[in-house]
Amino acid sequence: MWPWEHLAVAYVAVSLLARARGRRVGTLGAAALAVGSQFPDLVDKPLAWSLALLPSGTTLAHSVFVATPVCLLAWALARRYGYADAGLAFAVGYALHLPGDILYGPLTTGGEVSLDPLLWPLVAKAGTAPAAGLLTETLFYVNRYRAFLSRPEALGYVVLELSLLVSAAALWAIDGYPGLRPLLASRSRRLG
């Protein structure tokens, strides 16, 4: 999945969860879910693609053996210091990143669902090529994505993508643009 897709999925889930609990997403929660939704890629991609310390960009932080304790620890620490909602937002964002990556390929390119990244290192990533560098790897995936979008079968994906992004943006607006409010308030103080 692309970063904006991970963020949108996390925002929709955290916003709906907050509403079910009679709350709204706050600035700290929005920041925590943004970091949590990107966390596995922020760890794995540089370690694999730039430093060649991991066999692929979906191993260590994409593994349930790492994700579970990290999510529980983040939530427990945040809760201990009075930020339980932010800790939960981070954990939900992180946890939803994993199935998003597992299902993304089959949804977009018709490949098989593989649970291998979730079970790393018990299930090794076979056949991965040496990393070409963060920029080169990113450009490879961008070009593959552009090629996919040019195919007629991408229409369903685009409709799903737009629905997801519009839903996340609508909830963000209804929640009062958490994360953006402090920036707007700071700017208006400087202008006023």
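## Cores, contacts and backbone features of the predicted model

Ser56 is a buried residue, its relative accessible area being 11%. This is a reading of a predicted model, and Ser56 makes a handy starting point for a tour. Ser56 sits in the loop that runs between α2 (27–50) and α3 (64–80). From there, its side chain reaches the backbone nitrogen of Thr58 at a distance of 3.1 Å. Because buried means under 20% relative accessible area, the 11% found for Ser56 places this loop residue in that class.

The loop between α2 and α3 also holds Ala52. Ala52 offers a contrast to Ser56: with a relative accessibility of 55%, Ala52 counts as exposed. Its backbone deserves a look too, since Ala52 has a positive phi of about 55° without being a glycine. Most residues other than glycine have a negative phi.

A positive phi turns up at Tyr177 as well, again in a residue other than glycine, with a value near 55°. Tyr177 is placed in the loop between α6 and α7 (181–191), and is partly exposed, with 37% relative accessible area. One further backbone feature belongs to the loop between α4 and α5 (134–149), where Pro121 is located. The peptide bond leading from Trp120 to Pro121 is cis, and its omega is near 10°. In general, most peptide bonds are trans.

Attention now turns to the interior. In soluble globular proteins, nonpolar side chains tend to be buried together. Here, the largest nonpolar core has 24 residues, and Val14, Val25, Leu33 and Tyr94 are those with the most contacts inside it. At least two residues of this core come from each of α1 (3–20), α2, α3, α4 (84–109) and α6 (155–174). The largest share belongs to α4, which supplies eight residues. A second core, separate from this one, is made of six residues, among them Tyr145, Phe148, Ala154 and Tyr157.

Which residues does Tyr94 contact, leaving aside its neighbours within four places in sequence? They are Gly36, Ser37, Phe39, Pro40, Ala61, Val66, Ala67, Val70 and Cys71. Tyr94 is also one of the residues with the most contacts inside the largest core.

Polar groups have their place in the interior too. His6, a residue of helix α1, is buried, with a relative accessible area of 3%. The side chain of His6 takes part in a polar contact of 3.3 Å with the side chain of His97, and in another of 2.9 Å with the side chain of Asp101. When neighbours within four places in sequence are left aside, the contacts of His6 are Met1, Ser37, Gln38, Asp41, His97 and Asp101. Ser37 is thus found in the contact lists of both His6 and Tyr94.

Nonpolar residues are found on the surface as well. Phe65, Leu103, Leu107, Val113, Leu115, Leu119, Leu122 and Leu160 form a nonpolar patch there, and together they have about 790 Å² of accessible area. Is Leu160, a member of this patch, buried or partly exposed? Leu160 is partly exposed, as its relative accessible area is 49%. Since exposed means over 50%, the 49% of Leu160 leaves this residue in the partly exposed class. Leu160 lies in helix α6, a helix that also supplies at least two residues of the largest nonpolar core.

Note on methods: Residues are numbered from 1 along each chain as its sequence is written. This is a predicted model: local features need pLDDT of at least 70, side-chain atom pairs count only at pLDDT 80 or more; totals for chains, interfaces and linings use all residues. Side-chain values use heavy atoms; hydrogens and water are left out. Helices (H or I, at least four residues) and strands (E, at least two) are DSSP runs, numbered from the N terminus. Buried means under 20% relative accessible area, exposed over 50%, partly exposed in between (1.4 Å probe, protein chains only). A polar contact is a pair of N or O atoms within 3.5 Å; within protein, one must be able to donate a hydrogen and the other to accept it, and residues adjacent in sequence count only if both atoms are side-chain atoms. A nonpolar core is a set of buried Ala, Val, Leu, Ile, Met, Phe, Trp, Tyr and Cys residues joined through side-chain atoms within 4.5 Å. Contact means heavy atoms within 4.5 Å. Patches are made of residues with over 30% relative accessible area and no salt bridge: like charges are joined within 9 Å, nonpolar side chains (Val, Leu, Ile, Met, Phe, Trp, Tyr) within 5 Å. Accessible areas come from the Shrake-Rupley method with a 1.4 Å probe; for residues, only the protein chains shown count as cover. A salt bridge is a side-chain nitrogen of Lys or Arg within 4 Å of a carboxyl oxygen of Asp or Glu.
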